[in-house]
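Trainee: Please take a close look at the ligand site of this model. I would like it placed within the fold and the domains around it.

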Amino acid sequence: MTSIGIHDLALATTHHVVDLAELAEDAGVDPAKYHIGLGQDRMSVPTADEDIVTMGAEAALPLLQRHGTDGIRTLLFATESGVDQSKSAGLFVHELLGLPRTMRVVEFKQACYGATAALQSALGFVARNPQERVLVISSDVARYELGSAGEPTQGAGAVAMLVAADPALLEIEPVSGVAARDVDDFWRPNDSTTAVVDGRLSLTAYLGALTTAWDDFTAAGGVGIEQIDRFCFHQPFTKMARKALTGLAQHTGATLTDELQEATFAYNRELGNTYTASLYAGLASLLDHDDDLAGRRIGLFSYGSGAVGEFFTGLVRPGYQQLRRRESTEAQIAGRVRLGLPAYRELHGAEHPSDTDWEAPSVTEGAFRFAGIRDRARRYEATP
Ligand code: HMG
């Protein structure tokens, strides 16, 4: 059988960053609560001319520069911070990147799980025709109410992945364990720009989905836990992944130490929650920071509130180090411009109704920008 998986992946984030130490000090909270208690250092914040489309296009650009567009017939865009109720954000990206006209483009939604649904679907497209390659883009802006418990777990970012036969990075194995349950742990009503969340319930729903998905993985013929060399979990904040590994160890009786996932945290500590992109930003961090992965098996757990979970595994391909983008990713993260709290709060509260023409100020230094709203439609452009 043809091996199929992630041939390449790249990450993009925003122009601005907010330091959680500043947020803690302003709120009269011990900064250690955020740094250690949540495992977060900073959070990316989009400018008025950035959104899921600009980040998604920015993440996908280096993949196309490296591999071209041959065989790409499908673009799957996963997000839970969609910019339109009807049109896929992927179509804006398709135009910005000059992708071929002969393509299918669609948006996937199920909270943070959407990218895994897109990835699994991409594997199916390639299994049907191994000549085809699929561009999967996950991109999100995580927003909670100012002053809420969720505020320090905001963030923004995108990960683009090229899914292909005979992949250079990670072969995804066919067995998956899945879990679904209708639960009100986190959602975002149509008339709200911020998520509604029951924080406590969200933690137990995440851990419950993990054990259900693990049991299903085992029942479906998945490998034993001792055959998994590294773990990579969805990271709404990195401490959650530590709780997940502890939960899995208790559930299975295995001894699992944080060394098995430590290398997955570097990017998400900086970006904050990137919802659909979070698991794959964790994977990018693992591939970039661990030199001893060739031939090793990674166990991945994807969680999306509401709630759906999936546990699956991938085998790292020999030579994966040659495709890494650690330098450019670190430069992008380090190059973000600090946003003071008053400006952050002003940006957080800014709303632009879709029935009024509006021109976005030019701020971002990324490759693409949201130009504003004209004739009720969103306009995007490459930056000069
Ligand atoms: P909270 O009430 O601020 O936090 O809410 P807390 O009081 O529970 O403290 C957090 C941790 O900091 C605790 O650690 C404290 O002990 C520790 P724990 O006991 O849990 O290990 N702490 C300190 N540590 C060191 N020094 C100190 C100190 N003080 C306290 N001085 C909560 C936390 C996560 C609930 C909140 O931030 C929240 O509601 N976040 C949003 C929801 C969320 O991220 N849920 C995660 C699971 S659901 C999910 O992953 C899906 C999601 O990504 C969305 C989607 O699927 O679309 C969110």
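**The ligand shell and its setting**

Mentor: The shell around the ligand draws at least three residues from each of domain 1 (4–169 + 323–382) and domain 2 (170–321); these bounds come from an automatic or database domain assignment. The model is predicted, with local features requiring pLDDT of at least 70 and side-chain atom pairs pLDDT 80 or more, while totals for chains, interfaces and linings use all residues. Residues are numbered from 1 along each chain as its sequence is written.

The ligand is surrounded by 28 residues, and the closest are Gly37, Ala111, Cys112, Gly199 and Pro236. A residue is included if its C-beta atom, placed from the backbone, lies within 6 Å of the molecule. Sorted by class, the shell holds 15 nonpolar, nine polar and four charged residues. In this scheme Ala, Val, Leu, Ile, Met, Phe, Trp, Tyr, Cys and Pro are nonpolar, Asp, Glu, Lys and Arg are charged, and the others, Gly among them, are polar.

At least two shell residues come from each of α2 (31–38), α6 (199–219), α7 (238–252) and β12 (297–304). Helices (H or I, at least four residues) and strands (E, at least two) are DSSP runs, numbered from the N terminus. The largest share, five residues, is supplied by α2.

Ala111, listed among the closest residues, sits in the loop between β5 and α5. Its phi is near 45°, a positive value in a residue other than glycine. β5 (104–108) is also an edge strand of a sheet, described next.

That sheet is open and has nine strands with mixed pairing, in the order β5-β4-β6-β7-β1-β8-β13-β12-β11. Two strands count as paired if DSSP finds at least two bridges between them. At its edges, β5 and β11 (230–233) each pair on one side only. Neighbouring strands are turned by 25° against each other on average, direction ignored; the angles are taken between N-to-C directions, on a scale from 0 to 180 degrees, of lines fitted to C-alpha atoms. β5 runs parallel to β4 (residues 72–78), to which five bridges join it, and Val105 in β5 is the bridge partner of Leu75.

β12, a contributor to the shell, is followed by a loop that leads to β13 (308–316) and contains Ala307. A cis peptide bond joins Gly306 and Ala307, with omega about 10°.

As for the two domains, their centres, taken over C-alpha atoms, are separated by 19 Å. Their contact takes 52 residues from domain 1 and 44 residues from domain 2, where contact requires C-beta atoms, placed from the backbone, within 7 Å. On the domain 1 side, two or more residues come from each of β1 (4–12), α2, β3 (42–45), α5 (114–128), β6 (133–142), β7 (155–165) and α10 (326–334). β7 gives the most to this side, with six residues. The domain 1 side has 24 nonpolar, 19 polar and nine charged residues. Thus α2 belongs to the list of elements on the domain 1 side and also makes up the largest share of the ligand shell.

Conventions:
Contact = placed C-beta atoms within 7 Å.
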